[in-house]
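This report goes through a single protein chain, from loops to sheet, helices and internal space. Please keep the sequence and the 3D view open while reading.

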Amino acid sequence: MGQELQEAAGRLGLDAEKIARARECARRIAAPIHEYISIHTTISIERSTLRALGADGASGDGVPVPNLAVDSVKGELGKGAARYYVGALVETGWTVEEMNLKLASGYELSRAGVVDKAGVERKAGELTRAYCKRVKDNLAFRAKKISERSERENSPLLYVIVATGNVYEDAKQARAAALQEADVIAVIRSTAQSLLDYVPYGPTTEGFGGTYATQENFRVMRQALDEAGDEIGKYVRLVNYCSGLCMPEIAVMASLERLDMVLNDAMYGVLFRDINVYRTFVDQHFARMVNALSGEVINTGEDNYLTTSDALEAAHVVLASQFINERLALDAGLDHSLIGLGHAYEINPEIENSLLYELAQAQMARDIFPKSPLKYMPPTKHMTGDVFRGLVMNSMFNLVSKISGQSIHLLGMLTEAVHTPSMQDRFLAIDNARLVMKAASSLGDEIEYKKDGVIAKRAALVLDMAAEFLERVAESGLFAAIEEGLFADVKRKPDGGKGLEGVIEKADDYWNPIQDALESELFQADGKGGD
């Protein structure tokens with residue numbers, strides 16, 4: 001235990017016992033949440049289960065087949081929608097494709113009885129194995145490509161975004177970014193899609209502030225990045241948003257189309273989209289199990305807290321949220337290597353020693369979460385539209401990221417606060433990051449932090465405050481803390497927000513073959529979900 005604590009202290013010499021105390025508080029915070037999760041399902045989990053079993057398509061007026069299927073047995077969802085979908089397949093003898101066409105034309109699953117239980121279990125096993133095989137094949141393909149094509153050495157992955165609204169234009173811009181040496185491409189989701197309780201079907205060419213997350217759009221983007229990667233001899237990673245009222249469905253679609261990272265934060269939907277807390281945490285546990293099976297790195301969203309709170313004053317809340325996100329992710333079967341904890345370079349640059357405070361926060365996160373691929377977000381809150389000032393701020397951000405050993409680096413744009421980044425903005429951002437990081441390639445290894453210096457003392461203070469904060473949350477419970485506004489200064493009532501009506505208590509005979517398979521793969525097989 002002594003050696004373990006010594007290692008945990010890291011380069012800043014942080015108090016390892018306080019780190020352990022914070023993790024224990026996070027465990028206490030998560031325990032009652034899991035008690036609730038274990039006895040509830042949601043309408044979106046049931047739809048995602050059917051998607052994994054093969055439900056796909058849409059009616060003539062655009063209603064997705066998974067919605068039609070679940071709506072047709074809504075009164076029985078406590079038993080699990082899978083028994084009715086698979087039961088109808090067995091009773092009618094239809095193929096999955098035929099069943100989807102029938103559902104799109106008005107067939108209701110409630111018409112079918114579940115008589116041949118053994119036959120239903122056999123069929124469900126067949127469909128579940130097919131889903132798991134496709135996901136594992138995707139995982140193996142990714143691993144093979146990455147092993148064949150060496151990653152950029154001594155540098156975080158350079159991450160940029162596209163957000164045109166038109167998936168085909170997104171594909172062009174993503175290809176251009178990949179050719180300019182971006183490592184990760186994220187497609188910003190269309191404004192307010194997180195509040196839709198369905199996933200649009202097919203490719204989309206319109207979207208406000210971004211592009212709709214659909215399975216076909218995922219396929220189009222995956223193909224474009226694979227082609228670009230083949231051309232330049234590199235595996236280019238694809239990212240989208242796994243959040244909102246359809247979080248589990250997007251997780252399943254991402255697993256089918258080989259996305260590499262997904263944005264998935266414990267409290268983002270609650271705090272910033274006013275989605276009900278019960279719906280969010282039940283949905284998220286299932287979604288993160290799918291992410292774990294798929295080998296997808298999740299990106300958490302602690303950077304969002306700093307849009308409503310001061311980065312200097314609320315730094316401890318960011319750290320506290322990282323501990324909570326880590327615990328909930330581990331409990332869902334995610335390995336540390338897949339937990340991309342987020343943070344951001346958002347301290348007011350006019351404050352004396354702001355660069356040192358930013359480095360303290362970044363190095364502290366690296367020391368406390370040494371196995372996690374940290375995602376570092378660029379300055380946005382204090383960007384003014386002055387592109388020359390923005391260049392300086394982004395350069396400092398790039399330097400701090402390199403020194404502190406961040407893993408996933410979202411590039412800052414000169415035109416932040418002016419317009420949606422265009423191709424030349426991305427080129428300049430990539431060029432800036434490459435120049436700074438190459439020039440400072442070994443700087444982090446050369447630096448030793450002064451024991452009683454500004455950086456070490458700042459990190460120790462933030463850790464102290466985070467540990468005390470987590471004790472308070474553990475005493476009151478996370479939902480009460482959210483209601484009190486302790487996170488991001490945003491208050492949400494447990495019974496408020498959107499989507500609570502979609503939370504369903506499980507019946508004694510609830511059955512979900514996909515969830516059973518996920519739990520078997522993630523927990524029984526190799527003991528994941530621990531520390």
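In which loop is A192 found? A192 sits in the loop between β3 and α9 (215–232). The model is a predicted one, and the values below are computed from it.

## Two loop residues with positive phi

Most residues other than glycine have a negative phi. A192 is not a glycine, yet its phi is positive, about 70°. With a relative accessibility of 38%, A192 counts as partly exposed.

E181 is likewise not a glycine and has a positive phi, of about 90°. The loop that holds E181 runs between α8 (167–179) and β3. E181 has 32% relative accessibility and so counts as partly exposed, because the buried class ends under 20% and the exposed class begins over 50%.

| Residue | Phi | Loop | Relative accessibility |
|---|---|---|---|
| E181 | about 90° | between α8 (167–179) and β3 | 32% |
| A192 | about 70° | between β3 and α9 (215–232) | 38% |

## The sheet

In what order do the strands of the open sheet lie? The sheet has 9 strands, in the order β7-β6-β5-β4-β3-β2-β10-β9-β8, and the pairing is parallel. β7 (339–340) and β8 (342–344) are the edge strands; each has a single partner strand, so one side of each has no neighbour in the sheet.

Two of the pairings can be followed residue by residue. Strand β3 (residues 184–187) pairs with β4 in the parallel sense over 3 bridges, and I185 stands opposite L238 in β4. β2 pairs with strand β10 (residues 408–410), also in the parallel sense and over 3 bridges. There, L157 has I408 of β10 as its bridge partner.

Strand β4 (residues 237–241) is mostly covered, with 5 of its 5 residues buried. In a regular strand the side chains alternate between the two faces of the sheet. In β4 both faces are covered: R237, V239 and Y241 are buried on one side, and L238 and N240 are buried on the other.

## Helix α6

Which residues of helix α6 (residues 96–104) are buried? They are V96, M99, N100 and L103. These residues lie on the same side of α6, because they cover an arc of only 100° around the axis. An α-helix has 3.6 residues a turn, so residues three or four places apart point the same way.

The buried residues of α6 pack against four helices: α3 (43–53), α4 (65–71), α5 (82–92) and α7 (117–148). On the face turned away from that buried side are the exposed residues E97 and L101. After α6 comes G106, with a positive phi near 115°.

## The largest pocket

How much space lies in the largest pocket? The volume is about 1100 Å³. The lining consists of 45 residues, and those nearest the centre of the pocket are I161, I188, Y241, N304 and M377. Two or more lining residues come from each of β2 (157–162), α11 (268–273) and β9 (375–377). β2 gives the most, with 4 residues. By class, the lining of this pocket holds 20 nonpolar, 17 polar and 8 charged residues.

Y241 appears in both accounts: it is one of the buried residues of β4, and it is also among the residues nearest the centre of the largest pocket.

## Cavities

Rolling a probe the size of a water molecule over the atoms shows where empty space is left. The model has 7 cavities of 30 Å³ or more. The largest cavity holds about 70 Å³ of space. Its lining is made up of L306, A311, A315, V318, H343, A344, E346, I347, E358 and Q361. The elements that contribute two or more residues to that lining are α14 (315–331), β8 and α15 (354–368). The lining divides into 6 nonpolar, 2 polar and 2 charged residues.

## L443

L443 belongs to helix α18 (residues 443–446). At 32% relative accessibility L443 counts as partly exposed. Apart from neighbours within four places in sequence, the contacts of L443 are with L399 and I403. K381 lies 62 residues from L443 along the chain, and the C-alpha atoms of the two are 28 Å apart.

Terms used
Residues are numbered from 1 along each chain as its sequence is written. This is a predicted model: local features need pLDDT of at least 70, side-chain atom pairs count only at pLDDT 80 or more; totals for chains, interfaces and linings use all residues. Side-chain values use heavy atoms; hydrogens and water are left out. On a 1 Å grid over the protein atoms alone, a cavity is a set of points where a 1.4 Å probe fits but cannot get out, and a pocket is an open set with protein on both sides within 12 Å along at least five of seven lines; lining residues have an atom within 4 Å of a point. Grid points are joined across faces, edges and corners, and a volume is the space filled by probe spheres set on the points. Ala, Val, Leu, Ile, Met, Phe, Trp, Tyr, Cys and Pro count as nonpolar, Asp, Glu, Lys and Arg as charged, and the others, Gly among them, as polar. Buried means under 20% relative accessible area, exposed over 50%, partly exposed in between (1.4 Å probe, protein chains only). The arc is that of the directions from the helix axis to the C-beta atoms. Contact means heavy atoms within 4.5 Å. Two strands pair if DSSP finds at least two bridges between them.
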